[in-house]
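Please consider how the aromatic side chains of this protein are arranged with respect to one another. The sequence and the model are shown here.

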Amino acid sequence: MTPGAMTEDVTLTNVNLLLEDDPGMSATAGLFEDFMKSFRMFSSPTDVFRLVAEYEKLCSEQVTMLNKLVKKANPGQNKFSKTVEVLNLLDQEKCTWRLLGSLYQDRQQYMEDEENMDTGMDILRKSEQEISNSLFARNSSLRQSQIVVDWLERNAVDQIQDYYENVEFYSQSVCWENTLHSLQQKTAGVSRSDRNLVSQMDPDAPIRENKPLAELDREDEARLLKNLFAKIRAGQLEDAQRLCKKCGQAWRAATLEGWKLYHDSNMKALASGNIASIEGNPNRDIWKATAWRMSQDERFHPYERAIAAVFSGNLKEVLPVCRSWDDCLWAYFRVMVDQQVEQEIRENVEPGCECEPLPDNYFDKLLTTTKIFQDLQAFPSEEIEMQSKQKYHMIQKYLILGEVDALIEEMGEWLQDVANRPSKHLVRFMAHVVLFFRSLGLDSKEEICTAIIEAYVKDLVDVKHLELVSVYAAQLPEFLQVACYAHFLEGIHEKETRKYCLQLAEDAGLDVPKITKTVVENIRNRDLTEFDADTESTPALDAATSEEDRKKIEAIDWLVFDPSQRAEALKQSNAVMRTFLGIKKHDAAREVFHKIPGDTIDVILKNWLGHAGRVPLPTEDDNAIKEYLCIKAYLNALDTFNDWFEHYHNRKPVEPSIQEVATFQQKVHHEHKEKEFKMELERWEHGLNNNTKAVVDNIYNVLLFPDGGWMVDQHTEDSIDNARATQLERLREICIPMLCFLLQSVLHTTGQYQQAIMLADVIASEEQQLYTVFDKDELRKLLQKLRESSIELLDSNLDALGYEM
């Protein structure tokens with residue numbers, strides 16, 4: 001792709017994003033998948049800090065992209081504010097990953113090296129720089145405080161690039177060019193201006209003479225000082241010095257050297273004959289005391305005082321120019337580091353060398369990390385921060401303090417606040433922070449950590465991130481893995497997508513059999529209806545299939561993908577069919593039945609044989625097979641009855657009729673129709689006989705079901721499922737009487753009265769004990785119908801039982 005084509009593609013992408021309701025969220029949707037890929041790529045505990053660096057990089061790329069998007073958006077639109085909010089949130093996340101990696105890399109390294117550290121290091125006869133280096137090497141708290149300072153300065157670099165790159169100055173290469181021009185004109189007598197400007201051009205002239213510069217130079221000076229402070233705030237001291245030289249203020253660049261610690265390596269390497277350059281300022285103590293006094297002199301510009309205060313450790317004079325929480329934190333930590341280093345140097349100065357005393361209030365308020373954050377809570381920042389940004393500052397605070405438990409508890413409380421639930425990006429960050437701590441063995445609040453990861457999994461489920469859900473569900477305890485992934489699968493309906501999701505679960509190490517079982521159980525246990533006790537037979541032996549019923553039917557697919565789960569598929573299918581049969585939704589039960597592959601029983605037996613050899617099949621599986629066969633027999637009985645009903649009522653040929661006065665042609669045509677009618681009637685009667693025989697055989701297959709009877713377990717299980725046992729008993733009470741009424745109706749309708757009477761013997765038999773499932777009203781009604789068959793027999797000159805008299 002050419003550069004021009006690439007630019008055009010990016011531009012079109014940005015335009016398309018701006019058309020979205022929430023451009024920021026749409027533009028960053030891929031970040032979730034990117035984090036997952038990185039999480040899997042750097043899964044080894046030894047790669048944990050490479051992983052954190054990768055997270056930071058991903059967020060940085062998104063921030064860059066969103067910055068471009070924001071520049072193209074209309075600031076007046078609501079979309080713009082949403083995009084800016086996402087931008088600020090991801091920028092804070094980027095900074096937090098940066099802090100996390102820096103701090104904990106040092107902490108882990110310190111834990112490994114502290115036993116071998118020489119804490120009794122000789123610091124006598126060492127330079128200021130050596131004393132400082134020795135202090136940093138053995139004092140982890142100070143070292144990590146400096147890491148915080150470096151982190152804040154690095155964050156500020158990004159802001160400098162956005163806001164200070166294109167600052168222009170009136171003076172170029174010459175200091176105070178307009179003031180100089182005015183003085184030159186005045187000296188030459190060209191200008192008669194009586195403006196009260198400085199009369200000399202040395203750096204101290206404005207303060208010494210108490211006179212101003214030219215107006216343009218004052219504006220230039222203010223702009224320069226603000227820019228210099230911004231560069232110092234970003235740790236870009238050399239850039240600040242270059243800017244001073246560019247604007248003709250080389251003297252100011254030189255003053256910014258005075259704070260550096262003194263070190264002369266020649267004192268220890270004279271024998272080698274090599275002369276090295278001296279580092280730092282040998283009169284640093286004098287420079288620092290002077291800078292302190294300068295920072296308190298109100299005649300100087302606030303930013304000039306703040307610059308002097310930064311290098312002299314005068315916190316009080318730095319804070320007035322701080323505009324954000326980050327600025328204040330930087331000022332506090334820089335001064336705290338300065339205090340500790342200065343105290344160490346003065347306590348270990350070489351004998352005979354006295355330091356210039358600092359003001360008494362320099363050491364009046366010795367800062368600590370805890371005290372800093374207490375002060376920051378009361379600091380009136382001019383920055384109005386959005387809630388999510390405040391949350392990131394809270395996270396950063398706990399990371400700096402090293403209070404992992406407190407951080408996890410705080411994040412757990414955010415999730416409980418339903419009204420102000422964290423954004424999806426923040427929840428993603430929280431989950432990965434928890435996983436980071438887990439990889440370091442620091443996740444002591446296991447229950448809260450689990451809740452945070454579970455919240456992230458639920459977010460992924462809501463937006464159907466197929467590839468991500470399994471990866472993060474695998475980070476939960478096993479019982480939650482099953483529950484969360486099962487909940488996710490309940491919303492997947494396409495067959496190929498279901499297979500794909502199961503493969504993802506298997507790749508992630510999830511317990512697929514338990515999950516699919518849970519999916520089916522969750523779906524089939526919804527909207528449970530009491531079994532219908534009305535056993536009256538009607539031509540319409542079915543009820544409508546609802547949308548919820550459709551979900552229960554399709555849920556069985558989850559268990560038939562894997563042949564090893566065929567036994568569980570059979571049990572769950574039986575449970576769903578029991579429910580449908582109990583409320584007379586026979587079509588729904590048939591659909592479930594047809595979901596079970598025809599070779600299921602063979603597969604179950606084969607699987608068990610391969611697993612346990614010749615050991616008998618488990619009682620639970622054996623009972624499930626029998627129940628399946630019972631349901632099959634029952635559905636066959638209903639199907640044959642429906643075929644018989646359709647054949648008897650809707651397919652019987654109609655005898656042709658003829659008018660009383662008919663022509664010869666009509667009579668011939670009628671005779672032809674009568675012959676056809678007799679042939680059709682003969683075929684119909686033959687079909688009726690076949691259908692009747694099929695109905696009788698299939699209903700008797702249910703009534704006389706072997707091995708204990710229909711819907712009666714052949715073996716008793718060790719752990720009885722009371723709900724299932726109750727359902728089986730209710731189905732016997734509902735279905736058996738109904739089939740008996742259907743059988744009596746078929747036999748009576750087709751004139752098989754004696755066979756209808758014989759049904760009473762089957763019901764009364766002690767072997768089957770079918771009479772036990774009838775209530776009194778049902779028995780009374782059945783006897784009434786048998787009485788009608790007996791009357792028909794008596795009318796045919798037979799006795800009441802159908803025998804000849």
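The paragraphs below turn to aromatic ring pairs and then to charged groups placed over rings.

The model is a predicted one. A search of the whole structure yields 29 aromatic pairs. A pair of aromatic rings is described by the distance of the centres and the angle of the planes.

One of these pairs is formed by Tyr104 and Phe437: the ring centres lie 5.7 Å apart and the planes meet at 65°, so the arrangement is edge-to-face, a class that applies over 60 degrees. Tyr104 belongs to helix α5 (residues 78-113) and Phe437 to helix α20 (residues 424-439), so that this contact links distant parts of the chain, 333 residues apart. Tyr104 and Phe437 are both buried.

A further pair joins Tyr648 and Trp684. Here the centres are 6.0 Å apart and the planes stand at 40°, so the pair is tilted. This pair, too, links distant parts of the chain: Tyr648 lies in helix α31 (residues 619-650) and Trp684 in helix α32 (residues 664-703), with their positions 36 residues apart in numbering. Tyr648 has a relative accessibility of 22% and therefore counts as partly exposed, whereas Trp684, at 7%, counts as buried, because the limit for buried is under 20%.

Ring pairs also connect several residues into a cluster, made up of Phe35, Tyr55, Trp97, Tyr392 and Phe429. Phe35 has a charged neighbour as well: Arg428 lies over the face of this ring, 4.4 Å from the ring centre. Elsewhere in the sequence, the charged end of Lys397 sits over the ring of Tyr398, at 5.2 Å from its centre.

Conventions
Residues are numbered from 1 along each chain as its sequence is written. This is a predicted model: local features need pLDDT of at least 70, side-chain atom pairs count only at pLDDT 80 or more; totals for chains, interfaces and linings use all residues. Side-chain values use heavy atoms; hydrogens and water are left out. Rings of Phe, Tyr and Trp (its six-membered ring) pair if their centres lie within 6.5 Å; planes under 30 degrees apart count as stacked, over 60 as edge-to-face and the rest as tilted. Helices (H or I, at least four residues) and strands (E, at least two) are DSSP runs, numbered from the N terminus. Buried means under 20% relative accessible area, exposed over 50%, partly exposed in between (1.4 Å probe, protein chains only). A charge sits over a ring if NZ of Lys or CZ of Arg is within 6 Å of the ring centre and within 35 degrees of the ring normal.
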